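Here is a short tour for you, with the sequence and structure alongside. Keep the viewer open and follow each stop as you read.

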Amino acid sequence: MALHNRRDFLAGSAALALTACGGGGGGGGSSAPAPAPSTPAPAPTPANPNAVQAALSFGNASVHDPSVIRVNGSFYVFGSHLAAARTTDLMNWTKLADGVDNGNPLFGNKVTTELAATFAWTMVTDLWAPDVARLDDGKFYMYYCSCQGSSPLSALGVAVAGSVDGPYANKQIVLKSGMVGTSEDGTPYDATRHPNVVDPAVFKDATGKLWMIYGSYSGGIYILQLDPATGLPIPGQGYGKHLLGGNHAEIEGAYVIYNPATQYYYMFTSWGGLAAAGGYNVRVCRSLAPDGPYLDGFGTDMATVRASAPFDRPSIQNFGMKLMGGHQYANAAFETGTALGYVSPGHNSAYYDATTGQYFIIFHTRFPGTGELHEIRVHEMHFNQDGWPVVAALRYAPLSLASPAQTADVSAAQAAGTYKLVNHGKDITATSKGSIVVTLNNDGSIGGAGGMTGTWTHDGSNRITLVSGGVTYRGVLSRQWNANSSAFVVSFSVISSTASTAAATGVSLWAVRLSS
């Protein structure tokens, strides 16, 4: 969460109503009726070329900054303002709790008592993005945080429960920030280089060591090693090691996941502001060690990325691998419903299913034309030939729900066709990226009405490479549920893993084929 009070942004809602009306008219003279005016017949709606099936069911819920944990076959997300939700299928969510008050069951209806010292320090009765982890003792540890909002006056602590859904009992405050005078590392607190102690995320590395990554705006993202027996920081680390950001660069919401196949640790962060006009977007960097250094595809050590002036976006926007930002696909003539897209998607967590080999990204997002209304969304993630994650172009629904059944494999012949394609760019902007029409021709060339040119190749195993404008994009083909055409359709997601400039590296393209 950022350094200004954003509570008002997290509960907005909007509704759209569509009405239709029709009418007619006629006239007459004294001697004979006048002929009715000629009305051109409406153009017929083109037939849907897809294998249309019954609509899939989704149950949406609002949890801002969702952090995921899986317990006994169910996925739980915990978010800001002590909100929580649960799902078994990553499609239908049930809200479990919301609100920092004594009606919230997560703290046994006594959160103001349990966290009295935290709220006394921050001078607000509110909680921001938490994380819940199950440690070796089998108990659940909620790493919570509270922030004044208009400054980095924050406290980060841990509470413990025997069940994932609580009730949690406070263990202790772990870190404080925003103080006047001596900080956690023994030097005077400096908001341009010391962290705002919010947005914790806890993970184990490949050797079993326990870590906590945290931070928002202010001095950037930091990491601490934890004692797995207590869940507390190993003494003597101060604020820990700096990994990214500083000088109030708009970077927050760090989350780390390890890929055993690539042997990289991937750090996701959200850049920009979370509101509908904030330009929130998700970026990733990676490291061979849990505590860095983390690099982007251009080779930039992310610890060197800081704002040249407080909140200066142009000085940071070319760094990191941008996975997604605000966008909207234009509806084809045969598609129905509001054109799909997101506004300020971000503050994600991620999950790896070792049984199926699938990766998922879980985040909150706003939507075109609905103001500050926000909901949880889940997309599948894949890794490209260069070991970088790419996010599927549409929200997750398992291909097993396709009727008639479809195979996950997408051949070169099936990949050829016309798509609506979004270029997510590298900028931090509130302006959503619109889609263009792009055709992957059978001869390996790229064309289409959108004006994009170049070449493409099918690399086997659902891998795809596009070359356009001197930039190479690599990624993955898949079949995704398109609610506006009521069908599973071929899509692809690619990213420019390496390019000649930082601005051209880490650009994602999402594409949804117009026919299945």
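The notes below cover a barrel, a hairpin, a loop residue and a nonpolar core.

Please keep in mind that this is a predicted model. In it, 8 strands close into a barrel with antiparallel pairing. Elsewhere on the tour you will meet strand S18, with 12 of its 13 residues buried, and Asn 484, a buried residue in the loop between strands S28 and S29.

**The barrel**

- Going around the barrel, the strand order is S22-S24-S25-S26-S27-S28-S29-S30.
- From one strand to the next, the twist averages 35 degrees.
- For one pairing in detail, look at strand S24 (residues 436–440) and strand S25 (residues 445–447), which run antiparallel and are joined by 2 bridges.
- Across that pairing, Gly 447 in S25 stands opposite Thr 439.

**Strand S18 and its partners**

- Strand S18 spans residues 341–353 and is mostly covered.
- Strand S17 (residues 327–328) runs antiparallel to S18, and 2 bridges join the two.
- In this pairing, Tyr 342 of S18 is the bridge partner of His 327.
- With strand S19 (residues 358–366), S18 pairs over 7 bridges, again in the antiparallel sense.
- Here Gly 346 has His 364 in S19 as its bridge partner.
- S18 and S19 form a hairpin, with 4 residues between the two strands.
- In the turn of that hairpin sits Gly 357, whose phi is positive at about 75 degrees.

**Asn 484 in its loop**

- The loop that holds Asn 484 runs between strand S28 (471–482) and strand S29 (487–495).
- Asn 484 counts as buried because its relative accessible area is 9%, and the cut-off for buried is under 20%.
- A polar atom of the Asn 484 side chain lies 3.0 Å from the backbone oxygen of Thr 338.
- Leaving aside residues up to four places away in sequence, Asn 484 touches Asn 331, Glu 335, Thr 336, Gly 337, Thr 338, Ala 339 and Leu 340.

**The largest nonpolar core**

- The largest nonpolar core has 67 residues.
- Ile 213, Met 267 and Phe 268 are the ones that touch the most other members of this core.
- Met 267 is a good place to zoom in: not counting residues up to four places away in sequence, its contacts include Ile 213, Ile 221, Leu 243, Leu 244 and Ala 254.
- Also among the residues that Met 267 touches are Tyr 255, Val 256, Arg 283, Val 284, Cys 285 and Tyr 294.

Notes
Residues are numbered from 1 along each chain as its sequence is written. This is a predicted model: local features need pLDDT of at least 70, side-chain atom pairs count only at pLDDT 80 or more; totals for chains, interfaces and linings use all residues. Side-chain values use heavy atoms; hydrogens and water are left out. Two strands pair if DSSP finds at least two bridges between them. Axes are lines fitted to C-alpha atoms, for helices over the stretch in contact, and angles run from 0 to 180 degrees between N-to-C directions. Buried means under 20% relative accessible area, exposed over 50%, partly exposed in between (1.4 Å probe, protein chains only). A polar contact is a pair of N or O atoms within 3.5 Å; within protein, one must be able to donate a hydrogen and the other to accept it, and residues adjacent in sequence count only if both atoms are side-chain atoms. Contact means heavy atoms within 4.5 Å. A nonpolar core is a set of buried Ala, Val, Leu, Ile, Met, Phe, Trp, Tyr and Cys residues joined through side-chain atoms within 4.5 Å.
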